[in-house]
Amino acid sequence: MKDIFKRTALVLALGAITASLVPTHAIGQTKTTYKEKDLGLLPAQQVQPDLTGLWYHINERQVKQANDEFGRLKALYPGWQVPNEVETELNRLNGRLKGTLKPAPAKPPESDEPKRAEPKAPKESSTILALEEFAQLTPKARANVSEQQVRRLVELSNQLKRTDFYLLMGWTAIDKGMLNIATQQFSLALETAVRDIDKQSAQQGLDSVTGIRLQQTLALRDFEALETFLELDNSNYVKDVLIGEAWQQYDAKNYTFSEALFHLVDDDEGKYLALIAQETESAKQDAFALACSINTDVFIRRCADALATRQAQFYDSMRYKQSIEAGEALSQLRRLSLDEQALIGWAAKEIQDTTTATAAFERVLSKTPNNSVIANELVSLNQSDDTTLNRLALKYSEVKRILQERTSRNAWPRKQFWLAYQNDDPREVLSQTKDGLSAVYGMNTRNRSGGEGLGNFDVLSQYVGIGSAYYNWLWQVSLDYKQFYSGRPQVGDWFGSDQLSGEFSGISGFEDTALRAEAFYQAPDFNFYANLEYAMFDQPVGTKVTGQISATKFLTSTTVAATLFRKAKEDSLLSQTGTFNANHAKPWGYVIESGVRGLIAHAVADKWSVAGTAQVSRLEGEQVADNSAFSLRGDVSYDIATMISPKLDYWRVGPFLSYTSYDKNLSGFTVGNGGYFSPSQFISIGGYSELLTLEALNWQIKLRSSLALSRVEQDDDLRFPIGGAFPTADGNVTLGESSDTGLSGNFMAEGQYRFNDNWIAAGYIGKAFAVEYQAFEAGIQIRWRAGKGNGVTSDELLLSSPRISGFAL
């Protein structure tokens with residue numbers, strides 16, 4: 001009978017049903033940890049044969065038929081484990097045991113006294129005979145009877161109310177696909193059965209009907225119907241079948257259907273594995289959400305693993321905020337590894353979350369105190385936060401070492417030798433004792449020559465000063481003594497309020513004193529400089545305070561500098577100090593230029609750099625018209641030092657282009673003019689060269705030169721731009737328009753030499769020429785410093801002073 005049932009594709013359902021007859025369930029496959037260990041499916045229990053026909057023949061003492069049915073079942077099911085009770089009753093039936101088992105009555109007897117069998121009524125006898133004859137047919141013959149005959153036999157079975165006939169017709173109805181009749185017959189069998197084996201067979205039949213209907217519903221993938229089956233199932237049979245089917249679908253790689261079935265039966269383990277197997281982003285997300293929603297060791301571990309994976313994936317896809325969130329969530333489930341902790345730091349760094357990055361890297365460094373990579377990141381993150389850097393340096397020795405090393409390494413090429421000295425750079429400590437008291441004496445001269453008379457201007461200065469260090473500051477105070485001389489205007493020259501009609505009798509020079517102070521501060525990526533000067537106590541025009549404030553910011557490959565300044569325009573006696581008119585009655589001049597200049601330099605490649613400088617200023621003087629100026633310069637340089645000599649610190653060569661413009665031409669020497677070079681346009685294009693020998697030797701030389709083609713244009717502005725001050729003058733007279741093109745250039749040489757521990761001599765000499773003038777300058781300085789030293793550094797070359805160079809470099 002069961003071999004026919006197999007042909008109806010119910011093997012899975014009947015296998016699960018038959019397995020319920022033994023203590024260990026075939027549905028043991030639902031324990032899914034084997035999936036993670038790649039052990040494959042657990043072996044299913046051997047499908048049990050239908051014993052209804054066999055028990056019928058035993059109960060009816062039909063020896064031959066019972067032995068034939070038993071042999072058939074053994075042939076069909078070679079792995080069948082014969083139940084003990086079946087084996088015992090067959091032995092009794094064949095006379096191998098004493099005693100004979102009589103079939104249990106459908107109802108218990110009313111008394112223990114045996115009764116004599118009553119003769120059966122003819123009608124009942126024919127009914128029984130019909131069913132007995134049907135039972136003795138082969139399974140194939142029973143399967144071939146018509147539905148009409150089955151229905152007639154079912155009616156007979158209902159009349160007789162015998163358990164064995166109910167079971168017989170129930171299985172027959174299953175074979176015929178008459179599921180409602182099968183359900184009715186098995187239900188009646190379950191009600192009338194006395195023996196456990198009959199009850200189990202009846203239940204097996206009911207489960208078989210349910211299994212068939214489940215298979216039909218599964219084939220249609222009707223989840224609403226499947227859910228109804230589950231709601232009506234009191235024996236967990238439906239759930240077991242669905243779980244088995246879910247694993248069948250999983251092994252067939254139908255992961256979506258498998259996941260839906262696991263979801264239906266609330267099997268989180270299977271659902272998780274089916275979601276993971278789908279390998280889609282949405283499925284992975286659902287698996288992650290499922291794992292993190294279940295509070296068991298297995299799922300907590302899976303949630304943690306998923307978070308660790310997501311943390312790395314988010315970082316790789318530059319979703320840094322999500323990477324941090326994943327890492328922080330992971331830390332709530334388990335202790336983070338050092339790599340996971342560091343990854344939070346890397347991601348936080350990318351989104352400039354310095355606080356989070358610092359905390360993450362600190363936790364890593366506390367476990368690996370010699371980790372220079374992490375220590376470097378902490379220094380880099382907090383390079384502008386001195387408070388945090390100091391705290392980190394005190395707490396972590398590696399941070400302290402890196403700070404000192406990095407500061408010195410960066411300071412040296414930036415010429416921040418005071419900073420290098422403070423950080424115990426061996427070269428700087430050996431070369432100079434920079435924090436010792438120093439005293440200087442110096443002298444310099446400057447000569448500007450142009451046209452005959454007022455185009456010439458000479459300045460001779462001498463100074464003494466003292467300086468030292470105060471915490472992170474270098475300072476110096478100096479007293480200047482200056483002598484000025486200007487050429488005399490010639491007869492017929494425009495000067496003061498008119499043209500000179502006779503020999504000039506006014507002053508053409510004088511001497512005076514000045515007091516100035518300066519301070520310099522250097523930080524790892526920042527320079528600051530300030531000076532203040534009160535010059536020419538007794539000059540023709542009232543003395544003014546001048547000075548400048550300069551700052552420089554050092555970025556990785558870019559330097560940015562800016563200066564605010566207020567200083568005298570040092571082109572002539574008129575512009576630098578002021579003078580009197582021809583009769584020595586009225587002073588005018590002393591032009592003060594106030595403005596801002598900026599610099600940006602960027603290293604574009606190894607040895608290549610570009611730079612740009614700009615300046616905007618306002619010029620004002622006593623009885624001098626106000627003026628505005630703008631200048632711009634661009635440079636490209638290439639360092640050829642390594643190609644020339646190992647004794648060179650650098651040798652930069654390259655082209656440049658400069659442009660200068662003034663709103664007004666105030667270069668004249670009449671009232672309202674300032675006596676300074678103020679072209680409407682001055683353009684130069686050319687090349688330059690600058691070299692410096694090595695630092696920290698006992699001697700050092702710096703050479704600069706340039707050559708350019710220049711064009712100058714001067715507008716035809718008024719001789720008396722402010723008018724009205726001197727009524728005798730002709731207010732409509734102009735300076736005259738002019739333009740010229742020619743070569744311009746300059747050369748400057750600087751040097752210094754250390755005689756011994758305390759004494760150093762330094763000096764410079766330079767020559768410049770342009771289309772309108774020539775200039776010469778030179779200077780010398782003797783310096784004494786307490787302490788010891790074996791070398792000199794370029795920050796103390798005379799023209800490297802920010803007061804002269806214009807930037808705190």
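**Strand β7 and its neighbours, and one disulfide**

Glu-533 sits across from Thr-546 of β8. That contact belongs to a stretch of this predicted model in which β7 and strand β8 (residues 545-554) run antiparallel to each other, paired over nine bridges. On β7's pairing with strand β6 (residues 509-523), the sense is again antiparallel, with 10 bridges. Here Phe-520 is the residue facing Tyr-529 of β7, and the connection from β6 to β7 is a hairpin of two residues.

The side chains of β7 itself (residues 526-535) sort into two sets. Asn-527, Tyr-529, Asn-531, Glu-533 and Ala-535 make up the covered face, while Phe-526, Phe-528, Ala-530, Leu-532 and Tyr-534 make up the uncovered one. This fits the usual picture, since side chains in a regular strand alternate between the two faces of the sheet. Both residues picked out above, Tyr-529 and Glu-533, belong to the covered set.

Turning to the cysteines, the count of disulfides comes to one. Cys-292 and Cys-303 are the partners, with 1.9 Å between their sulfur atoms; that is a disulfide because the cut-off is 2.5 Å. The link between Cys-292 and Cys-303 is right-handed, at 95° about the S-S bond. Cys-292 lies in the loop between α17 (281-291) and α18 (297-316), and Cys-303 lies in helix α18, so the bond ties together parts 11 residues apart in sequence. As for exposure, Cys-292 is partly exposed, with a relative accessibility of 36%, whereas Cys-303 is buried, at 4%.

Definitions and conventions:
Residues numbered from 1 in each chain as written. Predicted model: local features only at pLDDT ≥ 70, side-chain atom pairs only at ≥ 80, totals over all residues. Heavy atoms only, no water. Helix = DSSP H or I, 4+ residues; strand = E, 2+ residues; numbered from the N terminus. Buried < 20%, exposed > 50% of the residue type's maximum accessible area, 1.4 Å probe, protein only. Pairing = 2+ DSSP bridges.
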